[in-house]
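Please find below some notes on the charged and nonpolar contacts of this structure. They are set out as numbered points, to be read beside the sequence and the model.

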Amino acid sequence: MSLKIISLTKSILLEKGSTFKASFFIALSLIFICNSSVVTAQQSSKVIRYGIIPDSLFTLDFSKDFPKTDYLILYKETHVDIEDDSRSIIAKSIHHIRIKVLTEKGIQSTLVGVPYLSFMNMEKITDIRAYTYDGKNKTYLDTSFVKTIDINSRVSVKEFQVPEVKIGDVFEYRYSTERRYIEELPEFYFQHEVPVLIAKFSMKEARYLRYNSKIQHKIAPVNYQRIEQDTTTAIKLFTRRYSDPIVTHIWTAKNIPPFNEEPFVLKASDFRMNLSLNWSEFGVPLQIIESNWDLVSAELSKEKDLE
């Protein structure tokens with residue numbers, strides 16, 4: 001069955017472009033002619049984009065490979081940029097989820113709830129989009145029907161229903177978040193209650209901030225890549241100062257099996273495969289932050305031993 005699952009997915013992994021040696025004169029001439037950035041690593045394979053759904057998702061019979069699945073998460077992606085202005089540093093994220101409905105019960109997945117930390121405006125949700133595609137026509141979400149539900153004094157939920165979904169349809173939604181609490185980022189869950197074909201998390205590195213990453217409850221291989229894009233231009237070849245490269249970190253997993261809830265498990269999310277990110281260095285120049293839980297635990301243990 002695993003071979004069949006793999007055949008349903010399109011690889012989105014990045015591959016390094018080939019590098020050819022050339023004389024300085026030819027290289028310099030090309031730089032002046034193109035007048036563009038030099039990319040040290042290129043993405044040569046197809047990228048899955050919101051709003052573009054391939055016809056193959058309607059010709060393949062997913063029910064044969066997933067007979068006990070009501071719906072299937074075809075693709076899930078989160079991309080994070082760390083941005084700053086004169087007042088604060090904000091983690092801006094774009095989230096994209098694509099789902100195939102396989103049964104009548106699977107239509108329940110069209111009710112989407114996006115939780116966020118509303119306390120002191122620590123997070124906000126913007127730019128919610130969604131639509132249903134039956135292979136011929138698209139039906140779009142009327143965003144005036146998006147509800148805001150306050151769960152408690154700290155957490156709220158943006159809730160909406162993706163419209164007019166039938167068995168066999170594909171729907172997808174996208175939204176953006178802005179987060180002021182940057183010490184840690186929300187966990188990215190690779191695993192859900194149904195199979196996930198592709199899950200991808202990426203983050204553009206800020207020059208004044210670094211994060212420690214950790215994969216927890218790993219049940220599927222994760223491909224990690226660090227992509228550098230050189231931003232040096234022809235004008236800067238004759239100076240000693242060069243622009244810092246744009247660095248992007250990417251974690252990709254495929255064919256993730258569903259999480260089966262066990263009895264007496266109070267919080268299932270604590271046991272699903274996920275990626276956690278906690279800040280480790282901050283400032284210019286970067287300085288190690290000594291406030292993570294591992295250090296606190298070590299200090300407490302040391303104090304206890306001295307008693």
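1. A salt bridge here is a side-chain nitrogen of Lys or Arg within 4 Å of a carboxyl oxygen of Asp or Glu. By this rule the count comes to nine salt bridges. One of them joins Arg129 to Asp127, with the closest N and O atoms 3.0 Å apart.

2. The basis of the values should be stated. The model is predicted, so that local features need pLDDT of at least 70 and side-chain atom pairs count only at pLDDT 80 or more, whereas totals for chains, interfaces and linings use all residues. Residues are numbered from 1 along each chain as its sequence is written, and side-chain values use heavy atoms, with hydrogens and water left out.

3. Accessibility is graded as buried (under 20% relative accessible area), exposed (over 50%) or partly exposed (in between), with a 1.4 Å probe and protein chains only. Arg129 is partly exposed at 36%, and Asp127 is partly exposed at 37%.

4. A further salt bridge is formed by the side chains of Lys92 and Glu83, at 3.2 Å from N to O. Lys92 has a relative accessibility of 32% and therefore counts as partly exposed; Glu83, at 35%, is also partly exposed.

5. Lys124 and Glu178 form a salt bridge in which the closest N and O atoms are 3.7 Å apart. This pair links distant parts of the chain, 54 residues apart: Lys124 lies in strand 4 (residues 123-133) and Glu178 in strand 8 (residues 170-179). Strands are DSSP runs of E, at least two residues long, numbered from the N terminus. Lys124 is partly exposed at 44%, and Glu178 is partly exposed at 22%.

6. Is Arg98, in strand 2 (residues 89-101), buried or exposed? Arg98 counts as buried because its relative accessibility is 4%. Its side chain makes a polar contact with the side chain of Glu172 at 2.9 Å and reaches the backbone oxygen of Arg49 at 3.0 Å. A polar contact is a pair of N or O atoms within 3.5 Å; within protein, one must be able to donate a hydrogen and the other to accept it, and residues adjacent in sequence count only if both atoms are side-chain atoms.

7. A nonpolar core is a set of buried Ala, Val, Leu, Ile, Met, Phe, Trp, Tyr and Cys residues joined through side-chain atoms within 4.5 Å. The largest has 44 residues, and Phe160, Phe190 and Tyr211 have the most contacts inside it. A second, separate core of 15 residues includes Ile48, Phe66, Leu74 and Tyr131.

Terms used: Helix = DSSP H or I, 4+ residues; strand = E, 2+ residues; numbered from the N terminus.
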